[in-house]
Amino acid sequence: MRTLQQHGPCSRADMTRRLGVTAPTVSKAVSSLLRGRMLEEFDSKQDGVGRPARQLRLATETAQVIGLVIDAQNCHLVSAGLDGQLHHANLCIFETPKTYRGLISKVVKFYEQVSNGRAVETLGLGISMPGLIDYRQQQGLLSPNVPITNGQSLARDLTAKLDIGCVMLQESHSLCLAQHHYGDTAGGNSRGLDNFVMLDIGAGLGMGVMAGGRVLTGHSGLAGELGHLPRIPDGRACGCGKRGCLETVSCDSALAWLVSQRIGKSVSIDEIFQLTQSGELSVQDEIRQVLPHLSFAISAVISLYNPSKIFICGRMFDLDEKLFEKLLAATAADTLAPAFADCEIIRASVSKSQGAVAGIIEYLTDSLVPGVDGLFAPANNSIDVATAAAENR
Ligand SMILES: [Zn+2]
């Protein structure tokens, strides 16, 4: 799967050469993936003489997966090929319902629309969610920003309703997978990069760590909760129930909160962007307050994980074109010089929708190839999506 993602379509013989394994091994893996509908074969068009060679590619014409992104304000539902390319024509955006039952019924309703947008088989649904998720139980534990999912297994409930394999991922972990499989950076692509960190500084401060080519999940999936380290003694109340957490002072929503306090009405980061673009508002004071906390967070990440790259997802850098440079300078001052020099800090190029799609593809792959030590290797989960999908067929 990774070879086809990185190099594009090829024949079985090419695959054997690229991977440096025997033809029977390739043949066995390919058969399994063809049976699972994750690959498809086609005849390459050759202008010259001779038989056209059978080529393999990630399934795009015969199968699809669905990605669901749940956020505090809105949810996104979109279909994609097994190559991770989103079908933008099949995108539904709806306001995040106030109740869990409302969420289930909205997803079921829009799922029909999105999955029927193309007349191909749907193999599974990946769910990107904020908050703590127990991967073994596939259960949401604590989501400060979408509390209706607390204690619920959205994956299991949707599997029952939709009769299709569903899997939940913590949103920063899913962004890591997307960056790993589909990411591009200004200086080249990040596909196959094995040691990096993803920081999502949107509604909270989320972190995903890719270490040695695997997403670091910890014992039960809760690793990487940087945002809830205590930062301000007796500070502002955080959605997690504690006070003064790092995310209450260092992300887009922290900046929006500070601005809202000053101007006396609640504004989102998107509204702040509009107001600063039109010159009606300056937020330099608030940026000055947020910056040291964000640079502290990044410095901690560099010291703990020694990543080759840190990808940052956030809106605040659109407010001020010099802000990213200022962040780098502040982080350099906070961090041990050799570790900082060895780490490139850049803005992420992938979306949460791509993350949800990467999640279900990873899950399907792990289910089809037992023994592979992936994020959803059999030891790490209790739901057999491949079996559910096969029974569905
Ligand atoms: Zn907190």
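In which sense do strand β13 and β14 pair, and over how many bridges? In this predicted model, strand β13, which covers residues 206-211, pairs with β14 in the antiparallel sense, and two bridges join them. Within this pairing, Ala211 stands opposite Arg214 of β14.

Both strands belong to an open sheet of five strands, ordered β14-β13-β12-β15-β16, with mixed pairing. The edges are occupied by β14 (214-215) and β16 (344-347); each has a single partner strand, so one side of each is left without a neighbour in the sheet. Helix α6 (residues 171-182) packs on this sheet and touches β12 (196-200), β13, β14 and β15 (309-313). The direction of helix α6 makes about 45 degrees with that of β13.

The chain as a whole contains 14 helices and 16 strands. It is divided into domain 1 (2-58), domain 2 (63-175 + 352-392) and domain 3 (188-347). Between domain 1 and domain 2, seven residues of the former are in contact with 10 residues of the latter. The side of domain 1 that touches domain 2 consists, by class, of three nonpolar, three polar and one charged residues.

Overall dimensions were also computed. The C-alpha trace of the chain spans about 70 × 50 × 45 Å along its principal axes. The radius of gyration is 22 Å, which agrees with the value near 21 Å that a compact globule of 393 residues would have. Of the 393 residues, 43% count as buried. Among contacts between residues at least 6 apart in sequence, 61% join residues at least 24 apart.

Definitions and conventions: Residues numbered from 1 in each chain as written. Predicted model: local features only at pLDDT ≥ 70, side-chain atom pairs only at ≥ 80, totals over all residues. Pairing = 2+ DSSP bridges. Helix = DSSP H or I, 4+ residues; strand = E, 2+ residues; numbered from the N terminus. Contact = placed C-beta atoms within 7 Å. Axes fitted to C-alpha atoms, helices over the stretch in contact; angles between N-to-C directions. Domains from an automatic or database assignment. Nonpolar A, V, L, I, M, F, W, Y, C, P; charged D, E, K, R; others polar. Rg over C-alpha atoms; globule rule 2.2 N^0.38 Å. Buried ≥ 20, exposed ≤ 12 C-beta atoms within 10 Å, placed from the backbone.
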